[in-house]
Amino acid sequence: MNDMQTPGTRRRGSNAVGLVRPYAETLAMVAASTFVGMIVAPRWGNSAVDLLYLPAVLAAAGFYGLAPGVLAATASALAFNYYFTAPFRTFHVNSPEDVATIIFLFLVALVTSQLAARMRSEARSAEASASRNATIAGLARRLLSASGNEQIGQIACRELARLFDCNTVLMAGQPEPQLVAAKPSHMLLTPSDVASAAWAMEAGKPVGRGADAASTTEWVFYPVRSDAAVIAAIGLARDDGTRPVPAGELDLLDNLVDQVALALERSRLEGEARDFAAMRERDRTRSALLSTIGQDIGPHLSAITGAVAGLMRGGEGQKSLLSTLGSEAGKLQRYLSNLLDLGPESDDRPLEVGDLTIDLFHRVVRRNGDEVHLTPKEYAVLAELAKHPGRVLGHGHLLRTAWGPAHERQIEYLRVAVRGLRQKLEQDPARPAIIINEPAVGYRLSV
């Protein structure tokens, strides 16, 4: 037979030993007090023996809690009655004074045990609070030095895996979450795991083993909230299939997840600030370039146009050639004027589409004057359509702009975003009048 024990068997055995040990040690301390009393009683009498039990009661309540303290008080009263009150070696008491002594000993021991247990509980509570605050501060300090979602995810997964002794993953992205970081790093997720993470982000509450929303996955996914939006999901799981976070540590986990949310939000804002600075720098460069083009080419085009007009008035030369030169110079002049109109100030003007206002410069969308909340992907699709009003943009173009080159063929992503935009922007989403579908091609913004 195979006599090897499984981890679950070893755990149950250690738990049983842990439960019995405080009571066994409590009885041992009472027995030790009784032994000392037997040495003291022949020389100084039994009146001082009852005080010898108080250290055992205090120790039991202080180290193990109220229940062992009550056991120590009861055992002390019985031991004192059995060994130190007449008739000896029985639980009968003949003297009223001995009865009063036993009752007094029990009450004093009981009150003492309650006080010691309460002090122990408060000390443990203070210690746990200090430990929790130190843990939260430690994670916040480590996340503060991280830049980018991947580095934040690696730090968060490593710390949570260490604190709760479990496997950890960080998922982000919608509608299909992507693995950002994991501990261990080679962790693989099944389609049901990814679906559970997506559901946790959509519903905004924990999903998985031991959570209110049950799932077939071995993981428990907790949403990572930033203000009112869910930006990611953290998954925890144990190799033995048990619940990764005990009920008593869920508050600690919530605080740690909040720190991760703050770090992810900070990273997003820093990224937007960098993008905005880069955009403004491009605008300044473009403005300077266009200004240079206007200054360098404009006078020459004006001179050519004037010379051609003068030659044509003089009636000399080949009029057809002069006409061609004049026409081409005029085209270049109009091209230059249009090019100069593309300065950065054109981005400042909001686009008006019926009762809808799209302000790309301030990243604000309003309907009938009220601001409309859009998800990042919905805004990215709408902004790209607004940059090319009236023009049909292909599925691949919109997917590449909003989701990146790796998702050019994921047309379902785009359909979900457009469906959300129509629900929020159209008067009648079933009959769209703003975002028009061009079958098998793409979408255009009707203006």
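## A cis proline to start with

Pro184 sits in the loop that links strand E2 (178-183) to helix H6 (191-203). The peptide bond leading into this proline, from Lys183 to Pro184, is cis, with omega near 0°. Keep in mind throughout that this is a predicted model.

## The chain overall

Let's step back for a moment. The protein chain is built with 11 helices and 12 strands. Of its 447 residues, 35% are buried. Taking the contacts with a separation of 6 or more, 54% are between residues 24 or more positions apart.

## The largest nonpolar core

In soluble globular proteins, nonpolar side chains tend to be buried together. Here the largest nonpolar core has 29 residues, and Phe164, Ile234, Leu236 and Leu253 are the ones with the most contacts inside it. Two or more residues each come from helix H4 (96-144), H5, E1, strand E4 (220-226), strand E5 (229-237) and helix H7 (250-314). Which element gives the most to this core? That would be H7, with eight residues.

Ile234 is a handy place to look from. Leaving out residues up to four places away in sequence, Ile234 touches Leu160, Thr168, Val169, Leu170, Val220, Phe221, Tyr222, Val224, Val257 and Val260. There is also another core, lying apart from the largest one, with 27 residues that include Leu356, Val372, Ala383 and Val418.

## Around Asp165 and Arg238

Asp165 lies in the loop between helix H5 (149-164) and strand E1 (167-172). It isn't a glycine, yet Asp165 has a positive phi of about 55°. Is Asp165 buried or exposed? With a relative accessible area of 60%, Asp165 is exposed.

Arg238, in the loop between E5 and H7, makes contact with this stretch of chain. Setting aside neighbours within four places in sequence, the contacts of Arg238 are Phe164, Asp165, Cys166, Arg243 and Pro244. So Asp165 turns up in that list, as does Phe164, one of the residues with the most contacts inside the largest core. Arg238 itself counts as partly exposed, at 22% relative accessibility. The C-alpha atoms of Arg238 and Thr168 are 9.0 Å apart, although 70 residues separate the two along the chain.

## Two hairpins sharing E7

Now for strand E7 (residues 356-359), which pairs with a strand on either side in sequence: E6 and E8. Strand E6 (residues 351-353) runs antiparallel to E7, and three bridges connect the two. In one of these pairings, Leu351 has Ile358 in E7 as its bridge partner. E6 and E7 make a hairpin with two residues between them, and Gly354 in the turn has a positive phi of about 65°.

Strand E8 (residues 364-367) is also antiparallel to E7, with four bridges joining them. Leu356 stands opposite Arg367 in E8. This hairpin has four residues between its strands, and Arg363 in the turn has a positive phi of about 55°.

Which way do the side chains of E7 point? Leu356 and Ile358 go one way and Thr357 and Asp359 the other, and all of them are buried. Leu356 is also among the residues of the 27-residue core.

## H10 meets H11

The axes of helix H10 (residues 395-402) and helix H11 (residues 411-425) come within 10 Å and cross at roughly 80°. The two helices are therefore roughly perpendicular to each other. On the H10 side, His395, Leu398 and Leu399 meet Ile411, Tyr413 and Leu414 of H11. Five of the residues in this contact are nonpolar, one is polar and none is charged.

## His395 and Ala440

His395 belongs to helix H10 and is buried, with a relative accessible area of 14%. What does His395 touch, not counting residues up to four places away in sequence? The list is Ile411, Leu414, Ala440, Val441, Gly442 and Tyr443.

Ala440 is worth a look as well. It is found in the loop between strand E11 (435-438) and strand E12 (442-445). Like Asp165, which has a positive phi without being a glycine, Ala440 has a positive phi, here about 65°. At 80% relative accessibility, Ala440 counts as exposed, whereas His395, which touches Ala440, is buried.

Terms used. Residues are numbered from 1 along each chain as its sequence is written. Side-chain values use heavy atoms; hydrogens and water are left out. Buried means under 20% relative accessible area, exposed over 50%, partly exposed in between (1.4 Å probe, protein chains only). A nonpolar core is a set of buried Ala, Val, Leu, Ile, Met, Phe, Trp, Tyr and Cys residues joined through side-chain atoms within 4.5 Å. Contact means heavy atoms within 4.5 Å. Two strands pair if DSSP finds at least two bridges between them. Axes are lines fitted to C-alpha atoms, for helices over the stretch in contact, and angles run from 0 to 180 degrees between N-to-C directions. Angles under 35 degrees count as roughly parallel, over 145 as roughly antiparallel, 65 to 115 as roughly perpendicular and the rest as oblique. Ala, Val, Leu, Ile, Met, Phe, Trp, Tyr, Cys and Pro count as nonpolar, Asp, Glu, Lys and Arg as charged, and the others, Gly among them, as polar.
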